[in-house]
Amino acid sequence: MAGVLIFGEVKDGKFKKTSREALSIAKKLGAGDVAAFASDRAVAEEAGRYGAKKLFVASIGPYTTETYASALQQAIAQMQPSIVLFGGTSNGRDLAPRIAARLNVGVASDVDRLEWTNGKLRARRPVYSGKAFATVEVTGTPAIATTRPNAFPAVESGGGAAEVVEIPAPSIEAKAKLIETKVPEAGELTIAEADIIVSGGRGLKEAANFSLIRDLAHAIGGAVGASRATVDAGWIDHQHQVGQTGRVVSPNLYIAAGVSGAIQHLAGMSSSKHIVAINKDPEAPIFRVADLGVVGDLFQIVPALTEEVKKAKTH
Ligand SMILES: Cc1cc2nc3c(=O)[nH]c(=O)nc-3n(C[C@H](O)[C@H](O)[C@H](O)COP(=O)(O)OP(=O)(O)OC[C@H]3O[C@@H](n4cnc5c(N)ncnc54)[C@H](O)[C@@H]3O)c2cc1C
């Protein structure tokens with residue numbers, strides 16, 4: 001057994017950023033040849049550029065757990081990799097434990113560091129809302145891990161197109177089928193992959209005021225995030241929720257406005273590279289993790305910031 005296989009997710013004929021990140025760290029590990037699995041052969045050239053020698057392709061359409069698990073399992077059986085990596089997206093986090101259970105091997109989830117030493121995969125995982133790190137060694141072969149979005153830089157390594165290996169579509173009777181896919185509004189970035197996130201909390205007072213957050217996010221080129229309180233109130237969809245029961249994100253810049261910084265929210269964003277908090281309460285716990293804290297009324301500060309960003313962009 002040798003090499004690293006990554007589960008590649010394709011959108012509009014290109015790998016998602018998390019898949020490019022997984023490919024890049026796979027290459028860097030030095031655990032043998034790198035290959036990718038995907039449902040679209042259009043990414044063969046891109047897979048090669050990010051270090052993959054082979055691309056296992058199963059033409060199985062949009063994601064469904066059982067079909068993808070069976071097709072990926074076939075690719076694993078063919079390649080016999082030492083390691084299988086998944087980007088920490090919804091699909092990656094859905095598939096990784098299922099594959100681990102099918103193969104009866106260990107899985108390290110949400111890792112932000114990986115090392116391959118003496119034939120063992122060692123991974124670092126943030127725990128207790130990023131206050132501590134656990135280093136774990138994955139038992140069984142292949143070793144499986146899901147990577148935290150934005151934790152590993154996506155770096156091209158300059159190879160030619162990956163060799164395409166067809167995987168036949170599994171003939172299984174899936175117990176669940178895809179009925180409908182809801183696509184985010186045109187131009188809206190998803191928080192999982194965004195470099196910048198602007199999040200709103202209950203301090204916004206009502207749903208309509210999320211427009212302040214959206215305006216700033218659009219001006220600065222970021223995605224819109226939210227606390228659970230606002231999602232539970234029905235002000236915004238759950239896909240925007242950051243935290244323990246939402247998404248774990250690590251953008252370069254996280255701006256939180258009217259978010260108190262409850263432990264469950266911090267669990268989802270405290271590993272962000274730079275954190276800016278806007279809150280009228282100087283004692284708000286969000287300030288404990290913030291690099292820059294602004295004590296004041298978000299209804300004044302957020303629109304002013306949006307104007308400044310727009311002005312800066314026109315110069
Ligand atoms: C099992 C479990 C899981 C959970 N999972 C999550 C999760 O995934 N994500 C999550 O976010 N929460 C989660 N929670 C909920 C969490 O405990 C908090 O209740 C929630 O995060 C609070 O949201 P908030 O900060 O928007 O609201 P609040 O805590 O009500 O904070 C509002 C903040 O806005 C400030 N504010 C008010 N007006 C203004 C103004 N005009 N200008 C500036 N600031 C203002 C206030 O000072 C306050 O700090 C979970 C809870 C449990 C029990």
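**A friendly note on side-chain pairs and helix α5**

1. Let me start with Arg228, which counts as partly exposed at 44% relative accessibility. Buried stands for a relative accessible area under 20%, exposed for over 50%, and partly exposed for anything in between, using a 1.4 Å probe and protein chains only. Please keep in mind that this is a predicted model, in which local features need pLDDT of at least 70 and side-chain atom pairs pLDDT 80 or more, while totals for chains, interfaces and linings use all residues. Residues are numbered from 1 along each chain as its sequence is written, and side-chain values use heavy atoms, with hydrogens and water left out.

2. Arg228 has a salt-bridge partner in Asp232, with 3.1 Å between the closest N and O atoms. The term needs a side-chain nitrogen of Lys or Arg within 4 Å of a carboxyl oxygen of Asp or Glu. Helix α6 holds both residues, which sit four residues apart, about one turn of the helix. Helices are DSSP runs of H or I with at least four residues, strands are runs of E with at least two, and both are numbered from the N terminus. Asp232 is exposed, at a relative accessible area of 55%. Elsewhere, Lys17, Glu21 and Asp195 are joined into one network by salt bridges that share partners.

3. How many salt bridges does this rule give? The count is 14. One of them brings together the side chains of Asp33 and Lys53, at 3.4 Å from N to O. Here distant parts of the chain are linked, 20 residues apart: Asp33 is in the loop between α1 (17–29) and β4 (34–38), and Lys53 is in strand β5 (residues 52–57). Asp33 is partly exposed at 46% relative accessible area, whereas Lys53 counts as exposed at 53%.

4. Arg122 and Glu137 also meet through a side-chain salt bridge, at 3.2 Å from N to O. This pair links distant parts of the chain as well, from strand β9 (residues 120–127), home of Arg122, to strand β10 (residues 132–138), home of Glu137, with their positions 15 residues apart in sequence. Arg122 has a relative accessible area of 37% and is partly exposed; Glu137, at 42%, is partly exposed too.

5. Now for the rings. The whole structure contains four aromatic pairs, where Phe, Tyr or Trp rings (the six-membered one for Trp) have centres within 6.5 Å, and planes under 30 degrees apart are stacked, over 60 edge-to-face and the rest tilted. Phe7 and Tyr68 are edge-to-face, with 6.3 Å centre to centre and 85° between the planes. Because Phe7 lies in strand β1 (residues 4–7) and Tyr68 in helix α3 (residues 65–79), this pair ties together parts that are 61 residues apart in sequence. Tyr63 and Tyr68 form a tilted pair, at 4.9 Å and 55°. Phe7 and Tyr68 are buried, and Tyr63 is buried as well. Ring pairs link Phe7, Phe37, Tyr63, Tyr68 and Phe86 into a cluster.

6. A last stop is helix α5 (residues 210–220). Which of its residues are buried? They are Phe210, Leu212, Ile213, Leu216, Ala217 and Ala219. Their cover includes β13 (196–200), β14 (223–226), α6 (228–232), β15 (253–257) and α9 (298–314), with contact taken as heavy atoms within 4.5 Å. Gly221, just after α5, takes a positive phi of about 80°.
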